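The following note is offered to a colleague who is meeting this structure for the first time. Please read the points in order, with the model open alongside.

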Amino acid sequence: MARLISVNVGLPRDVEWRGEQVHTAIWKQPVEGRIAARRLNLEGDGQGDLAGHGGEHRAVMVYQLASYRYWEAQLGRNDFSFGQFGENFTVDGLADDEVCIGDRYRIGSAVFEVTQPRVTCFRVGIRMAEPAMAALLVSHHRPGFYFRVLEEGEVGAGDEITKVADGVEQITVASMDALLYLPNPSRALLERALRIPALSQGWKTSFAALLQPDAPVDGNPGLKATGGPPPAWPGFRPMQVTRLERETAAVTSLYLEQQDGAPLPAALPGQFLVLRLRTTPDGPMLLRNYSISGMPDAKNYRLSVKREVNGIVSAYIHDQLHAGDTLESSAPRGAFTLKSGDAPVVLLSAGIGATPVLAMLHFLANTASRRAVWWIYGARNGAQHPFAKESRALLQALINGRSQIVYSQPGPGDGLGVDYDSAGHMDTALLDRIGVPRQAEFYLCGPSSFLRDLAEGLRKWGADPARIHAEVFGPEASITPGITRTARPPAHPPSGQPGSGPQVSFTRSGLTVPWDSRFSSLLEFAEACDVPVQWACRSGVCHTCECALIGGSVLYQPDPLQPPATGNVLICCSKPAGDMELDL
């Protein structure tokens, strides 16, 4: 008979870690007597990260006494106390390779249901003083699991644990964990997992992504969307500028072809290139990301570049670049791409943010799509409205094309109903007026404030968050669980003496610095440069840190549990093997 050995609770608090304050509730302490088990947590307990560890499906964390003994032997330690692994229930029995998702148990006067394995993150590494602990829990098949509370009641140390129902499909916690985090998941087992009513929605969403017909053959789309097939070539290759066109006073388009005239690999609509160039013969090598703005085909790649205030590269393209010049270019990259299907498409952009969605409009028109398509674009006025004639022609080629042009400050020569359709700014009230359906696929690109406000407005309006896709020009938003910063300075070299290693370029941040061996990973190096980064486990499990490796190669230490997609890199457990460029 399984038994509850210890009940452990703890409220969120801030702890010091690597010079940062981390908000976490992983420190749990045993409590005496009987306490209430409620829908969201135990009495006196709380979660520091409600997105990752909160909600009804993650009300109670369970870990086993046998795993305590296992880790004592593996790590050579004897300093563990109950609650050491962040669990609420320390139990004798209920092994991860025996308990199944959906199994139900009575403990005291409460009834619980197994909903998912533990979501491993860096906090368990902090608590255990073992940075690789998140990866170890998965690779050794001892993650622990979550209960949800079906019937509230009281529990206490010493209570017997009685099984009252078997979960459907009978997939163990350890097997379910391996399906998501380890290589070569069984398709049949994934399909069975999706039939388990008790499995939490987050895990179901990940498994559904793994089962998509067009899912890539490498990487893990259940953890990180990869943006299509592997890049057509590694690093950079020389490309010839065949012509330049002035779209407006501030926007110039350049057309790139291979030097030998050979066909180009077709880009996916919405992808970008990274250009590598010098603006003076003796100047530093500079890198910039630009979206492909024309029809993705094998003839050429068109980039449209806005002249930026104090923009060294954009000024060079506008003032000094000529047809016949050579630039170095990456292969098309990026996950902001048009999804297949029949759902309506809403292309929302402002300013130069039109470029990736314009490529999508080209594709839809070129393929004679019968999908309902809305082209909704915002500019200050007609003088700052690039691609006006081009987008109108494309929409006319669509059987279900619609347009709404919004000027915030129309000029005296701008005609309402001719050059633009409404004055002001885009919002969901506008979408309601023109009949945009909430079940559409939404593609957003523009200034950061435009993206933030419109994406939040769409969610409140009732659009499916999974159908809201946004492209960011410049660094992406950080994901740093438990750590909140009020401000972040521009990217800069690390403090102290410069490193002596290979050059590392953060292309979105416009920073190239020599690698410094003081740092244990590219993630730590990027953080020291204040380059925005995304991470969760910091040990090669969750793929949150996965990003495009534009050029170069890395060495992994330790090896990730599952490699990233071809052309990508996990920065939390890698170092540069030579000069390299990262899409950060």
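1. The model under review is predicted. Among its internal spaces, the largest cavity is lined by 23 residues. Ala-25, Ile-26, His-53, Gly-86 and Tyr-146 are the lining residues that lie nearest the centre of this cavity. Its volume is about 270 Å³, and a search of the whole structure finds one cavity of 30 Å³ or more. By class, the lining of the largest cavity comprises nine nonpolar, eight polar and six charged residues.

2. Gln-47 deserves separate mention. This residue is found in the loop between strand S5 (35–37) and helix H1 (50–53). With a relative accessible area of 16%, Gln-47 falls under the 20% limit and is therefore buried. A polar atom of its side chain lies 3.4 Å from the backbone oxygen of Leu-40. Beyond its neighbours within four places in sequence, Gln-47 is in contact with Pro-12, Ala-25, Leu-40, Asn-41, His-53, Gly-54, Arg-58 and Ala-59. Two of these partners, Ala-25 and His-53, are also named among the residues nearest the centre of the largest cavity.

3. The second largest pocket has a volume of about 350 Å³. It is lined by 20 residues, and those closest to its centre are Pro-131, Ala-132, Ser-520, Glu-524 and Arg-538. Helix H3 (122–128) and helix H13 (522–528) each supply at least two residues of this lining. H3 gives the most, with three residues. The lining of this pocket has 11 nonpolar, five polar and four charged residues.

4. Helix H5 (residues 173–181) is largely enclosed by the rest of the structure, because eight of its nine residues are buried. The buried residues are Val-173, Ala-174, Met-176, Asp-177, Ala-178, Leu-179, Leu-180 and Tyr-181. Their cover includes both strands and helices: strand S9 (110–117), helix H4 (133–139), strand S10 (145–151), helix H6 (187–193) and helix H7 (201–210).

5. Helix H9 (residues 354–366) has 13 residues. From its first C-alpha to its last, H9 reaches 18 Å, close to the 18 Å expected at 1.5 Å a residue. Of the 13 residues, 11 are buried, so H9 too is largely enclosed by the rest of the structure. The buried residues include Pro-356, Met-360 and His-362.

6. What follows H9? The helix is followed by Ala-368, whose phi is positive. Most residues other than glycine have a negative phi. Phi of Ala-368 is near 55°, and this residue is found in the loop between H9 and strand S20 (373–379). Ala-368 counts as exposed, because its relative accessibility of 52% is over the 50% limit.

7. Is Phe-387 buried or exposed? At 3% relative accessibility, Phe-387 counts as buried. Phe-387 is not a glycine, yet it has a positive phi of about 65°. It is found in the loop between S20 and helix H10 (388–396). Ala-368 and Phe-387 thus both have a positive phi, while Ala-368 counts as exposed and Phe-387 as buried.

8. A last point concerns the backbone at a proline. Most peptide bonds are trans. The peptide bond from Gln-557 to Pro-558 is cis, with omega near 0°. Pro-558 has its place in the loop between strand S28 (554–556) and strand S29 (568–570).

Notes: Residues are numbered from 1 along each chain as its sequence is written. This is a predicted model: local features need pLDDT of at least 70, side-chain atom pairs count only at pLDDT 80 or more; totals for chains, interfaces and linings use all residues. Side-chain values use heavy atoms; hydrogens and water are left out. Helices (H or I, at least four residues) and strands (E, at least two) are DSSP runs, numbered from the N terminus. The expected span of a helix is 1.5 Å times one less than its number of residues. Buried means under 20% relative accessible area, exposed over 50%, partly exposed in between (1.4 Å probe, protein chains only). On a 1 Å grid over the protein atoms alone, a cavity is a set of points where a 1.4 Å probe fits but cannot get out, and a pocket is an open set with protein on both sides within 12 Å along at least five of seven lines; lining residues have an atom within 4 Å of a point. Grid points are joined across faces, edges and corners, and a volume is the space filled by probe spheres set on the points. Ala, Val, Leu, Ile, Met, Phe, Trp, Tyr, Cys and Pro count as nonpolar, Asp, Glu, Lys and Arg as charged, and the others, Gly among them, as polar. A polar contact is a pair of N or O atoms within 3.5 Å; within protein, one must be able to donate a hydrogen and the other to accept it, and residues adjacent in sequence count only if both atoms are side-chain atoms. Contact means heavy atoms within 4.5 Å.
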